[in-house]
Amino acid sequence: MEYKNIKLEIKDAIAVLKVSRPEALNALNSETLEELKRAAEDLEKNGEVRVVIVTGEGDKAFVAGADIVEMKEMDPVQGMEFSRKGHEAFSKLENMGKVVIAAVNGYALGGGLELALSCDIIYASDKARFGFPEVTLAIHPGFGGTQRTPRIIGLMKAKELIFTGKMITAQEAFELGLINKVVPHDELMKEVFSLAERIKSCGQIALKLAKECLNKSLSLSLEEGLKLEEANFGFCFGTKDQKEGMTAFVEKRKPTFRGN
Ligand code: CAA
């Protein structure tokens, strides 16, 4: 599949999806959002892929936000449409039946932070910087930031980030609970690949069903969530991987999972 603003590499069941517009610090224009959505759909269907890593081209930026040059002349209808495009692309990543890891290699601002927050796990370089500068442009986050951030770090902390537009370090983002881990810049991809390898070696269907339970835990009542957990837990027992995993445990050997 051909892309202009993203690069997609697949090796040993791990896909690396790189936003690549280095001339604009990987800012997200409409075309890039459409490509991200298409890539997420392709990765979902690709039986070879088990884990997806999302990162940015170059050494400076993960994604420096939505494209300000494109947004500058938008009218309200176009603004709404642009926001919808962002939501569609990021929701595809968020709901993909595979684990998606953000490797934040530099600036993750506005739409860039929103992209990272749509991933399942965020590892960041110690050089990364996070923030929602939208209000300094007299707009507010439009690719999910006002909705996902309070769900992840709580309402008050989300309000402080979004109302001030301030930029924070990776360490501060870690302390806020916005990201999972800070690693030395040069070791970011090594650490992310090691995480991906670990996840890759586990039962694929179990991971997919666990992700569904976890994601829905934020919108379902406890009672509804527990019902979903019962159903998905039961589903695992219909898979060959569950039999293999437990047989391997009893036989004191490593399991060989086939994703079925
Ligand atoms: N959109 C378009 N172009 C961008 C961009 C963006 N979000 N961010 C950076 N660029 C471009 C710059 O215009 C510049 O282009 P030129 O070389 O043609 O002038 C190039 O990338 C390099 O950027 P800088 O020269 O500004 O680099 P710097 O090191 O001095 O600063 C920065 C880096 C602090 C990240 C700065 O570029 C910056 O503040 N960028 C904008 C960040 C921002 O406001 N993001 C939020 C956008 S709004 C949003 O995302 C809405 C939403 O929720 C949907």
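Which residues come nearest to the ligand? Some notes on that, and on Asn105.

1. Of the 23 residues around the ligand, the nearest are Lys60, Ala66, Gly111, Glu114 and Glu134; a residue counts as near if one of its heavy atoms lies within 4 Å. Keep in mind that this is a predicted model, where local features need pLDDT of at least 70, side-chain atom pairs count only at pLDDT 80 or more, and totals for chains, interfaces and linings use all residues. Numbering runs from 1 along each chain as its sequence is written, and side-chain values use heavy atoms, with hydrogens and water left out.

2. On the polar side, a ligand oxygen sits 2.6 Å from a side-chain N or O atom of Glu114. Backbone polar atoms join in too: Ile68 is 2.9 Å from a ligand nitrogen, and Gly142 is 3.0 Å from a ligand oxygen. The protein covers 63% of the 980 Å² of accessible area that the ligand has on its own (Shrake-Rupley method, 1.4 Å probe).

3. As for who lines the shell, helix H2 (68-71), strand E6 and helix H4 (111-117) each give at least two residues (DSSP runs, with at least four residues for a helix and at least two for a strand).

4. Now Asn105, in the loop between strands E5 (99-104) and E6 (107-109). Asn105 is buried at 6% relative accessible area (buried means under 20%, with a 1.4 Å probe and protein chains only). Its side chain reaches two backbone oxygens: that of Gly56 at 2.9 Å and that of Ala61 at 3.2 Å.

5. Leaving out residues up to four places away in sequence, Asn105 touches several others, including Phe62, Ser125, His185 and Leu188 (contact is heavy atoms within 4.5 Å).

Key: Buried < 20%, exposed > 50% of the residue type's maximum accessible area, 1.4 Å probe, protein only. Polar contact = N/O pair within 3.5 Å; in protein donor to acceptor, adjacent residues only side chain to side chain.
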